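Student: Let's go through this one together, starting with a single side chain and then turning to the packing. Can you pull it up?

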Amino acid sequence: MNASTCSLCTIWNSSIGKKLLVALTGLVLVLFLAGHLAGNLLIFVGEEAFNEYAEMLHTMLHGAGVWIARAVLLTCLVIHVVATISLTRLNRAASPKYVHEQTIQASKSSRIMIWSGLTILAFVIFHLLHFTVRVDSGLAEIAKTNPHKMVIVGFSNGLVVLFYAIAMTLLCSHLSHGVASIFQTLGLRSKKSAPLIEKLSKGYALVIWLGFLSIPLAIYFFKFGR
Amino acid sequence: MLNLTLKVWRQKTPQDQGSIETYDAKNIPEEASFLEMLDIVNERIIESGGEPIHFDHDCREGICGACSLTINGVPHSKEKGITSCQVHMRKFRDGDTIWIEPFRARAFPVIRDLIVDRSAMDRIIAAGGYIDVRTGSAVDANSLPIPKPDADAAFDAAACIGCGACIAACKNSSAMLFTAAKVSHLGHLPQGQPERDKRVLAMVRQMDAEGFGNCTNQYECEAACPKEISVDHIARMNRDYTVASLKEQLV
Ligand code: HEM
Ligand code: SF4
Ligand code: FES
């Protein structure tokens, strides 16, 4: 492929271009998380509301809607992961270590992005096998008639809840740096807006953490729905 | 008078492995500057027949950008807004151990001890950190009206002395703050407009080619910069680069 037919290669191969793709795909995933959480919280409204919502997801656009969403999300996730692993490797190669290491003000979350990210990746794979592909035939059987019950049964397992909690905590860490980062990478941050962006980022991460955790905790510890 | 222990990076040649050597720095006057402290230690090393500690320096007043010491893990020390040559010994306490290392980055090969080769930064400037003018009939710069905020922003960016502390402080050895300062300085002014797209593309490409890392928005650079150059310039460069490369690739 020559340069003129591969505009995207040029963008991909530049530092800022690759970062831009990380930010844009990150933004799509961030917006998805908000929608996903809003839908999931319907579980507290009631069995009927939750099952109707699940039904709606599978019937919108005559059933094509859910597949379009899956395709977009999967593409974004793959681009995000491939780009960040590549960036992390380039960064390690570019930066020799000091004997006496010191950090001036970078946050802990910003320094473990690759580890929080890889944990999220492991979680996403597990989560899809658990609730989307449903490798557990018992759970798959329940899901056919009652998605609400599938969630209750799924979260009655202590190990599942523990892994879920660890993953959500690292997701919260990832987002607390990631959301603010989007603004800088897209060139939308300035000294004036920085404090607001910082609050938005941490606030969003906290809402995601509390929101997603509330469901398994309510089911496992407070016997919600059981 | 201060009695200190120095842990200094010694490396004979660029190929040499290099290692930390320990020195006792006894009876250092509190009014000495950091570089004067090293001068005193070096005189004693020379007197005892050793090879002095090599380090870069020139103006010794914070304007040339030559000095380049990483002091206790922080380029130009943890004091805000100063260069290594502006660090004073009164900031240390008797009995302290001080770690002194070069400005580290894969793109900054060590020449000797604490001296690194920073010519990668010169090549970034050469790639586009200039404007083309006809010298014979150049117009008076003051005849062009420039809004005050733009002039101020350009001036803030132009304060960069090209020391490389931003790169040395960055966890990824990224040169974004330095490059952004140079791109912004000209990009804010009317004289810089005709080559604005070309400049940002060329300078970022040179930056990538030199093997610097990629920014992860941790802002260690801004905290280490002796001229307190703002990361706002990086945001602006991200924007300029995106627009310029989309124009180049798709329009
Ligand atoms: C729900 C899933 C995810 C969301 C919402 C998300 C979100 C984000 C956001 C918004 C950023 C900041 C982008 C920027 O720098 O401008 C980011 C950066 C990053 N993400 Fe993710 N991410 C997710 C999954 C992952 C996964 C699975 C990985 C695994 C490798 C990962 C690794 C990283 C890394 C290493 C960075 C830092 C990149 C850099 O600083 O240059 N992320 N993420
Ligand atoms: S931006 Fe600051 S730290 Fe970086 S080279 Fe310029 S003066 Fe030095
Ligand atoms: S010696 Fe010139 S800035 Fe330090």
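Student: Does A:Phe126 count as buried, exposed or partly exposed?

Tutor: Quick ground rules: this is a predicted model, where local features need pLDDT of at least 70, side-chain atom pairs count only at pLDDT 80 or more, and totals for chains, interfaces and linings use all residues. Residues are numbered from 1 along each chain as its sequence is written, chains are lettered from A in the order written, and side-chain values use heavy atoms, with hydrogens and water left out. Buried means under 20% relative accessible area and exposed over 50%, with partly exposed in between (1.4 Å probe, protein chains only). A:Phe126 has 28% relative accessibility, so it counts as partly exposed.

Student: Which residues is A:Phe126 in contact with, leaving aside neighbours within four places in sequence?

Tutor: A:Phe126 sits in helix H6 (residues 113-133) of chain A, helices being DSSP runs (H or I, at least four residues) numbered from the N terminus. Taking contact as heavy atoms within 4.5 Å, its partners outside that window are A:Val160 and A:Phe163.

Student: Where does the largest nonpolar core lie relative to domain 1 (2-112) and domain 2 (119-250) of chain B?

Tutor: A nonpolar core is a set of buried Ala, Val, Leu, Ile, Met, Phe, Trp, Tyr and Cys residues joined through side-chain atoms within 4.5 Å. The largest has 41 residues, with B:Phe108 and B:Phe212 among those with the most contacts inside it. H5(B) gives the most, 6 residues. Both domains, whose bounds come from an automatic or database assignment, give residues to this core, so it lies between them.

How values were computed: Helix = DSSP H or I, 4+ residues; strand = E, 2+ residues; numbered from the N terminus.
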